[in-house]
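Colleague: I'd like to go through this one slowly and ask where each label comes from. Can you walk me through it?

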Amino acid sequence: MKIALLTGGGDCPGLNAVIRAVVRRAHRHGLEVMGLRDGWKGLIDDQHFPLTRETTSGILHRGGTILGTSRTNPFKVPDGLEKLKRNVERNNLGAIVAIGGEGTLSAAARLSDLGLPIVGVPKTIDNDLGGTDFTFGFDTAVAIATEAIDRLHSTAEAHKRIIVCEVMGRHVGWIATYSGMAGGADVILVPEVPADLSRVAEHLQRRHASGRNFSIVVVAEGTKIKLDAASEEKLITSGALDEAGRPRLGGVGQLVANEIERLTGFETRVSVLGHIQRGGTPTAHDRVLATRFGVHACDMVAAREFGKMAALRGNQVVSVPLSEATKQLKRVDPELFDVAQVFFG
Ligand code: F6P
C-alpha cells in the first residue's frame, strides 16, 4: 500500500521528526510513502516526491518541513475536491497522513467523512487543538519565549523599565501562560481573559510603589483589549488577511506598551517574538513527541484505523476521532491561570 504524507498550516519545529518517523515505521510495515508538497495543495496539484529512509535521514533535528506547507483548503479551491479525489486514484493511494492544525485537520475530517482513508497528526505551537493534551511545537515555542523573557528581565532591570513581550497564540494563551510563568512575568495577558488596561496599569503602579521598579508583561497576540472598564474589548489586527482569509493579528504588544506608559508614566518598551517561536530546531521533548506521533500514525494506517488522529493522553499516545481535534478549541485551563495569577505584581 502507498501512503501520502502532507504538512499543512503554520510550520513548527518537529514536523520533520514526524515525517522521519512515519517513513521509518512504514518500512517496517512494507508500506511505500510519498511526500505531498505544500499541504493539501500538493494533492490537488499532484505535486509529490518519494520519501525513503535515505531522503528522510538527518532531518530529525531540522526545523520547518522538507515537504513545504500551505494553508490551502481543498473545499475552497475551484474543483479542488474533484482534483484531489482523482489524484488519490491516479497514485493508487491507500492512505493519507495529514499533519496539521485546526485548518488542516478540519479538511481532513471532512474528507474522511466523504470516505477518504485519512489519518491525522495534531500540530501547532499554540497547543489549541482538542483531543490531545499537547501538540508538538508547543514545548519549543515555550522554550524560545522563556529564553527571550529571561533576557528581557536583565535589560528591564538595568533601565528600570517595563517591557511588554508579545508572543504567538491566535485564539488561546497557552504559550503566554507557560512562558510567562516560566519566565517570572509580572502580568500575563491571554485571549481567554479580556485585558482591562486601566487595571493592568494600577497593578504595575502598586508593584513599582513597593520598590520593584521594573516589570515584564507577556501578552498573547490574540488577546482582546479593553482600554478601560467601560470600553468594548477588541482584537488588534494588522488590517491584512492571511492565506486562509483570516484577519492577520498584529499590534497588540505595541498598544499595550503605549497604554501602560501613558497611564503609569513608566518608560515602557515592547518586543514582538513573532515567527522566531516557530523557527529552528525542536526541543528534545518535541522531537520525542513528534516521533511517537509519527510511529503511531503509521501503525494506524497499517491497521486501517482511518478517520482518527494520533493524540497524547497523559503520557500515552492513543487514537481519537478527527472530529475531536476541531470540535472545540482547547483553551487555557482556568486552574492553571489562577496559579499564574498568584505571581502577578
Ligand atoms: O497557528 C500557529 C500560528 O503560529 C499562530 O500562533 C499565529 O497567529 C499564526 O500561526 C501565524 O500565521 P502565519 O505564519 O500564516 O502568519
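Modeller: Sure. Keep in mind that this is a predicted model. Let's begin at the interface of domain 1 and domain 2, where the rule finds four residue pairs in polar contact. On the side of domain 1 that touches domain 2, the residues split into four nonpolar, six polar and six charged.

Colleague: What makes Arg278 and Asp11 a salt bridge?

Modeller: Their side chains come to 3.0 Å, N to O. The rule asks for a side-chain nitrogen of Lys or Arg within 4 Å of a carboxyl oxygen of Asp or Glu, so the pair qualifies. Across the interface of domain 1 and domain 2, the rule finds one salt bridge.

Colleague: And where do the two domains run along the chain?

Modeller: Domain 1 takes in 2-137 + 282-326, and domain 2 covers 141-278. Their C-alpha centres are 33 Å apart.

Colleague: How do you know that the domains touch, and how many residues are in contact?

Modeller: Contact means heavy atoms within 4.5 Å. By that rule, 16 residues of domain 1 are in contact with 16 residues of domain 2. Together the domains bury about 1200 Å², with 50% of it on carbon and sulfur atoms. Within domain 1, Arg71, Ile125 and Asp126 lose the most area to domain 2, together 46% of what that side buries.

Colleague: Which residues are around the ligand?

Modeller: Among them are Arg71, Ile125 and Asp126, and also Glu221, His275 and Arg278.

Colleague: Why does Glu221 count as a polar contact of the ligand?

Modeller: A polar side-chain atom of Glu221 lies 2.5 Å from an oxygen atom of the ligand. The cut-off for a pair of N or O atoms is 3.5 Å, so Glu221 passes. His275 has a polar side-chain atom 2.8 Å from a ligand oxygen, and for an N or O atom in the side chain of Arg278 the distance is 2.8 Å, so these two pass as well.

Colleague: How much of the ligand does the protein bury?

Modeller: Taken alone, the ligand exposes 400 Å², and the protein buries 79% of that.

Definitions and conventions: Residues numbered from 1 in each chain as written. Predicted model: local features only at pLDDT ≥ 70, side-chain atom pairs only at ≥ 80, totals over all residues. Heavy atoms only, no water. Domains from an automatic or database assignment. Buried area = accessible area lost by both parts, 1.4 Å probe. Polar contact = N/O pair within 3.5 Å; in protein donor to acceptor, adjacent residues only side chain to side chain. Nonpolar A, V, L, I, M, F, W, Y, C, P; charged D, E, K, R; others polar. Near = heavy atom within 4 Å. Areas by Shrake-Rupley, 256 points an atom, 1.4 Å probe, with all protein chains shown as cover.
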